[in-house]
Amino acid sequence: MDKIAVVILNWNGVRLLEQFLPSVIQFSEGATIYVADNDSTDNSVEFVQQNFPTIKIVKNTGNYGFAKGYNDALKHIDAEIYALVNSDIEVTENWLKPILETFESEKQTAIIQPKILDFKNKEYFEYAGGAGGFIDKYGFPFCRGRIFDTVEKDNGQYNDNCELFWASGACFFIRKEVYDELGGFDESFFAHQEEIDLCWRAANEGQIIKYNSQSVVYHVGGATLQQGNPRKTFLNFRNSLLMLVKNLPKKGLFFVIFFRMVLDGIAGIRFLTQGKFTHTFAILKAHFSFYCLSLKYLKKRKDFQIQQYYTVKSIVYLYYIKKLLVFKEIFNSNQNIKN
């Protein structure tokens, strides 16, 4: 068994592989590197085989998205630690060392995220993960370094190693034994928020998720689905509701989901006023899909759910009404961080 396997999921991303594989190869000494290909129709596989012969290829039989794509590929990879890395990630020197040291010294730590900065603007955090994630009572995710559309400059304010609620799937380290025990990602999600769901399930099992600022990567972001894509809106809204059904504590379960759906409706109206009709339709479609899957997901609930899963009651209220735009403002506000 390898100590660590760096696994890069790919679908028709030959240009990204050409651009970003060199840094992974250069700075991943001691790791076995894999490209897990989701049945690409471009020449991705041939390109890797011809230009990077040390990289191992795992071929999936279809485009299964992030969740099933990784689940299927990892069945063929034997390593103590999986590093699941987006194909649009540039890694830096010694990026693996502090992660492996943490796993070695902290046996209860199951999942780790590095510092994720913006490849296009390297002084700033990247939208999808920043310095680690949390959620509010209604399942809205936010990050240290990025809350909604406000992205912070990296001034060293998050140069720490702290516990998180969720780690970004853009660069996601997890122990194989934990991944297997949890059954991997929820394949019905296809993509988006599947890493939050996995982290929530890990937390329900008493596992610890951490951020390590000594490991730094740069992420392009939006290489698969751009931020303004209605498909992304559909997946985010639907998957968030499904995640709540699976993982919320029993007390208040239906109230939280009902209130979240009301907030979704307000978001749909906001899209209408902005002329973004396809996004409003995407939310309606997400709710309809949720109705169809809700009974199935109620059956996925485990016997135990942690009671204190959220960091603040409503990030929407704090951001849009109270105008607290960055994590430290929220943390230091008169809102009780665990209320």
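Is Cys-199 buried or exposed? Cys-199 is buried, since its relative accessible area is 0%, a value that comes, as do the others in this briefing, from a predicted model. The chain of this model is divided into two domains, domain 1 covering residues 2–219 and domain 2 covering residues 230–300, and the points below take up the cysteines, the contact between the two domains, and the salt bridges.

**Cysteines**

- The count of disulfides in this structure comes to zero, and for Cys-199 in particular the nearest cysteine sulfur, which belongs to Cys-143, is 12 Å away.
- Because a disulfide requires two cysteine sulfur atoms within 2.5 Å, the 12 Å that separates the sulfur of Cys-199 from that of Cys-143 leaves Cys-199 in no disulfide.
- While Cys-199 is buried at 0% relative accessibility, Cys-292 counts as exposed, with a relative accessibility of 54%.

**How the two domains meet**

- The C-alpha centres of domain 1 and domain 2 lie 25 Å apart, and the contact between these domains takes 16 residues from domain 1 and 22 residues from domain 2.
- The size of an interface is often given as the accessible area that is lost when the parts come together.
- For domain 1 and domain 2 this buried area is about 1700 Å², and carbon and sulfur atoms give 59% of that area.
- On the side of domain 1, the residues Tyr-138, His-192 and Trp-200 together supply 36% of the area that this domain buries against domain 2, which is more than any other three residues supply.

**Polar and charged pairs between the domains**

- Across the interface of domain 1 and domain 2 there are 14 residue pairs in polar contact, counting pairs in which both residues have pLDDT of 80 or more.
- The residues on the side of domain 1 that touches domain 2 can be sorted by type, and they divide into seven nonpolar, five polar and four charged.
- Three salt bridges are found across the interface of domain 1 and domain 2.
- Asp-186 and Lys-246 are joined through their side chains in a salt bridge, with a distance of 2.9 Å from N to O.

**Salt bridges in the whole structure**

- Side chains of opposite charge can pair when their charged atoms come close.
- A search of the whole structure finds 17 salt bridges, and one of the pairs that meet in this way is Asp-72 with Lys-75, whose N and O atoms are 3.7 Å apart.
- Within this pair the two partners differ in their surroundings, because Asp-72 counts as buried at 13% relative accessibility, whereas Lys-75 counts as exposed at 64%.
- Lys-107 forms a salt bridge with Glu-104, and the closest N and O atoms of this pair are 3.7 Å apart; Lys-107 is exposed, with a relative accessible area of 55%, while Glu-104 is partly exposed, with a relative accessible area of 46%.
- Lys-176 forms a salt bridge with Asp-180, where the closest N and O atoms are 3.0 Å apart.

How values were computed:
Residues numbered from 1 in each chain as written. Predicted model: local features only at pLDDT ≥ 70, side-chain atom pairs only at ≥ 80, totals over all residues. Heavy atoms only, no water. Buried < 20%, exposed > 50% of the residue type's maximum accessible area, 1.4 Å probe, protein only. Domains from an automatic or database assignment. Contact = heavy atoms within 4.5 Å. Buried area = accessible area lost by both parts, 1.4 Å probe. Salt bridge = Lys/Arg side-chain N within 4 Å of Asp/Glu carboxyl O. Polar contact = N/O pair within 3.5 Å; in protein donor to acceptor, adjacent residues only side chain to side chain. Nonpolar A, V, L, I, M, F, W, Y, C, P; charged D, E, K, R; others polar.
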